Amino acid sequence: TQAVPVIAIDGPSASGKGTVAQRVATALGMHYLDSGALYRLLGLAAQKRGIALEAEDKLAELAGQVDIRFEGEGIWLDGVKVGDELRTEEAGAAASRIAALPKVRAALLDKQRAFRRAPGLVADGRDMASVVFPDSVLKIFLTASAEARAERRYKQLKEKGMSANIAALLQDIRARDERDTQRSVAPLQQAQGASLLDTTPLNIEQAVQEVLSRYRAVK
Ligand code: CDP
Ligand code: CDP
């Protein structure tokens with residue numbers, strides 16, 4: 001599968017990675033991997049089974065057991081469709097805690113690499129460029145100011161009819177940035193060979209066009 005191209009889009013919470021990566025994948029007719037969803041799903045599965053978010057061995061074992069399927073917009077965990085619970089900041093925080101455990105990350109590696117199929121893959125997360133797909137043809141570090149990200153998350157939750165508080169969201173985003181950048185294994189950082197895309201002043205369409213033009217430039 002060495003020849004199947006991967007576009008890696010990494011960055012902090014609510015920078016727009018998921019939205020941009022999905023649209024780029026659609027525009028190019030490629031597959032899409034939401035790697036954060038795997039960590040979120042594993043966090044939910046652990047909580048449902050009463051497994052502590054620090055129990056590294058049990059969590060790694062669970063990662064090998066759970067059946068995760070992505071179909072269109074839907075995500076299934078052990079045959080049950082997962083709803084908006086996956087997108088809450090609580091699920092994000094749980095994901096971020098288990099994501100700091102090396103054995104959990106290792107157990108999810110193959111699951112992520114299995115998404116690499118012709119004609120290509122657009123993958124978003126924290127370590128797509130550095131660890132999971134280091135041979136990506138294009139590596140983007142997508143970011144935006146913490147304030148812009150809190151505002152985007154606020155609007156997103158409101159649109160879904162979920163409750164949200166902008167000050168609390170900003171605090172959550174800063175806490176998650178801190179944990180994701182300070183951890184010893186696969187910390188969030190601009191990978192070697194990755195180009196920076198600051199979307200603070202950009203709308204979604206502009207960000208998508210920028211990624212597509214960078215892809216055309218390296219292809
Ligand atoms: O959408 P958002 O950026 O808020 O979160 P996400 O991409 O769904 O990721 C949730 C958490 O999972 C992050 O805070 C990371 O700690 C972790 N994660 C990771 O460690 N590595 C990845 N490739 C993706 C997510
Ligand atoms: O995946 P990640 O957590 O990085 O972010 P996302 O869920 O794709 O985007 C968070 C929210 O910001 C979504 O509601 C996007 O529509 C919005 N967004 C935006 O307003 N402007 C951008 N340039 C990118 C995303």
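Which strands does helix 2 lie across? Select residues 35-48 to find out: helix 2 lies across strand 3 and strand 4, running at about 40 degrees to strand 4. Helices (H or I, at least four residues) and strands (E, at least two) are DSSP runs, numbered from the N terminus. Axes are lines fitted to C-alpha atoms, for helices over the stretch in contact, and angles run from 0 to 180 degrees between N-to-C directions.

Before moving on, note that this is a predicted model, in which local features need pLDDT of at least 70, side-chain atom pairs count only at pLDDT 80 or more, and totals for chains, interfaces and linings use all residues. Residues are numbered from 1 along each chain as its sequence is written, while chains are lettered from A and ligands numbered from 1 in the order in which they are written.

Next, colour the sheet. Its three strands form an open, antiparallel arrangement in the order 3-4-5 (strands pair if DSSP finds at least two bridges between them). At the edges are strand 3 (68-71) and strand 5 (80-81), each pairing on one side only. Strand 4 (residues 74-77) is joined to strand 5 by two bridges; show Trp-76 and you will see Lys-81 of strand 5 opposite.

Now go to ligand 2. Its shell holds 16 residues, the closest being Gly-16, Lys-17, Gly-18, Thr-19 and Arg-152 (near: C-beta atom, placed from the backbone, within 6 Å). Helix 1 (17-28), helix 7 (146-159) and helix 9 (204-218) each give two or more residues to this shell.

Finally, select helix 1 with helix 9. They pack at about 55 degrees, with their axes 9 Å apart.

Notes
Contact = placed C-beta atoms within 7 Å.
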